[in-house]
Amino acid sequence: KMLKRSLLSKHSVLSNGFKNIYSLLHTQSIMYNFHKNNCNLFPTVAIRREDKDRWERRAPLSPDHVQELIDEGVDVIVQPSNIRIFENEAYQIAGATISEDLSKADVILGVKEIPEELFLPNKTYMFFSHTIKAQSQNMLMLDEIIKKNIRLIDYEKIVNPENNQRLVRFGKFAGIAGMIDIIRALGNRLLHLKHSTPFLSMGYAHMYVSLENAKKAVKAVGEEISLKGIPQELSPMIFLFTGGKNGNCSEGAREIFELLPHK
């Protein structure tokens with residue numbers, strides 16, 4: 001009931017993912033006080049270092065978000081990372097403590113799945129666990145969560161109770177990054193099938209320092225297609241976008257695709 005009231009609060013009516021996470025952190029503090037009889041208004045929150053993929057640079061909260069939490073009286077610990085999109089110093093300036101040790105945290109925030117051996121017992125974790133559909137590759141992780149008495153709040157299951165719509169979800173940039181990677185992967189796939197195409201000159205999304213640079217690269221691929229075309233046996237090349245016109249990922253993917261010659 002407390003969770004539902006929190007999701008209906010002023011912090012969760014916005015579509016901004018941070019506001020919804022912030023709302024849940026406030027709910028978690030209430031639960032924490034009930035269980036611990038602690039006089040602190042908020043629990044200690046930690047941001048863990050992502051380690052699923054070597055190119056994973058995302059963070060669940062930005063330094064600005066951390067500053068807002070700290071202004072509300074929350075203690076924030078940030079595990080250092082040399083590849084995270086936000087530098088350690090930016091979190092430190094915001095008031096966070098930079099530390100490898102997250103044992104003092106009550107709530108630990110992440111983005112992707114966590115290796116089983118890194119879970120701390122008796123904590124609350126918030127991340128995309130990818131277990132709701134019983135994904136086989138993550139069942140051992142879920143077993144470890146249960147074994148260590150961990151409360152899991154999965155972003156995928158944070159919904160508005162009035163319409164069951166997800167409140168923390170991928171935005172347009174997920175579609176943008178995905179489409180950039182698809183263009184490069186398509187070039188690799190066609191090369192494997194003995195076709196050299198302009199798609200090969202595209203890099204993967206994580207190779208570009210900015211969206212502007214990535215878009216310039218897509219436009220360059222488009223210009224090469226306009227000049228040289230693609231092999232006749234591959235024409236017409238049809239792309240299908242699912243998710244509807246209002247889908248976040250679909251919108252981002254189409255924004256990149258439309259930089260290529262199409263009709």
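Glutamate 56 is buried in this predicted model, with a relative accessible area of 8%. Its salt-bridge partner is arginine 58. The closest N and O atoms of the two side chains are 2.8 Å apart. Arginine 58 is partly exposed, at a relative accessible area of 36%. Opposite charges on side chains can pair when the charged atoms come close.

The structure holds nine salt bridges. One of them joins arginine 48 and aspartate 51, with an N to O distance of 2.9 Å. Arginine 48 is buried, with a relative accessible area of 6%. Aspartate 51 is partly exposed, with a value of 33%. Another salt bridge brings together the side chains of lysine 52 and glutamate 113, at 3.0 Å from N to O. This pair links distant parts of the chain. Lysine 52 sits in the loop between E1 and H3, and glutamate 113 in the loop between E4 and E5. The two residues are 61 residues apart. Lysine 52 is partly exposed, with a relative accessible area of 42%. Glutamate 113 is buried, at 7%. Elsewhere, salt bridges link Lys172, Lys215 and Glu255 in a network.

Arginine 84 presents another case. The residue lies in the loop between strand E2 (76-78) and helix H4 (88-94). Arginine 84 is buried yet has no salt bridge. The nearest side chain of opposite charge belongs to glutamate 50 and is 7.1 Å away. A salt bridge requires a distance within 4 Å, so glutamate 50 does not qualify as a partner. The side chain of arginine 84 instead reaches a backbone oxygen, that of glutamine 79, at 2.7 Å. Neighbours within four places in sequence aside, arginine 84 is in contact with Ile47, Arg48, Arg49, Arg57, Arg58, Ala59, Val78, Gln79 and Tyr91.

The strands come next. Six of them form an open sheet in the order E3-E2-E1-E4-E5-E6, with parallel pairing. Strand E3 (97-98) and E6 stand at the edges. Each has a single partner strand, so one side of each is left without a neighbour in the sheet. Strand E4 (residues 107-109) pairs with strand E5 (residues 124-127) in the parallel sense, over three bridges. Leucine 109 stands opposite methionine 126 in E5.

The largest nonpolar core has 34 residues. The residues with the most contacts inside this core are Val66, Val76, Tyr91, Phe119, Tyr125, Phe127 and Tyr155. Both strands and helices contribute to the core. Strand E1 (45-47), helix H3 (63-71), E2, H4, E4, E5 and H5 each supply at least two of its residues. A second, separate core has 19 residues, among them Ile180, Ile225, Leu234 and Phe257.

Tyrosine 91 belongs to the larger core. Residues up to four places away in sequence are not counted in its contacts. Tyrosine 91 then touches Ile47, Ala59, Leu61, Ser62, Pro63, Val66, Val78, Arg84, Phe86, Ala96 and Ile98. Arginine 84 is thus on the contact list of tyrosine 91, and tyrosine 91 is on that of arginine 84.

Three sites in loops have backbone geometry worth noting. Most residues other than glycine have a negative phi, and most peptide bonds are trans. Asparagine 149 is not a glycine, yet has a positive phi of about 55°. This residue lies in the loop between helix H5 (139-147) and strand E6 (151-154). Asparagine 149 is exposed, with a relative accessible area of 54%. Lysine 194 likewise has a positive phi, of about 75°, and is not a glycine. Its place is in the loop between helix H6 (172-192) and H7. Lysine 194 is exposed, with a relative accessible area of 75%.

The third site concerns a peptide bond. Serine 235 and proline 236 are joined in the cis form, with omega about -5°. Proline 236 is found in the loop between helix H7 (211-228) and helix H8 (248-257).

Notes. Residues are numbered from 1 along each chain as its sequence is written. This is a predicted model: local features need pLDDT of at least 70, side-chain atom pairs count only at pLDDT 80 or more; totals for chains, interfaces and linings use all residues. Side-chain values use heavy atoms; hydrogens and water are left out. Helices (H or I, at least four residues) and strands (E, at least two) are DSSP runs, numbered from the N terminus. Buried means under 20% relative accessible area, exposed over 50%, partly exposed in between (1.4 Å probe, protein chains only). Two strands pair if DSSP finds at least two bridges between them. Lys and Arg count as positive and Asp and Glu as negative; His and the chain ends are not counted. A polar contact is a pair of N or O atoms within 3.5 Å; within protein, one must be able to donate a hydrogen and the other to accept it, and residues adjacent in sequence count only if both atoms are side-chain atoms. Contact means heavy atoms within 4.5 Å. A nonpolar core is a set of buried Ala, Val, Leu, Ile, Met, Phe, Trp, Tyr and Cys residues joined through side-chain atoms within 4.5 Å.
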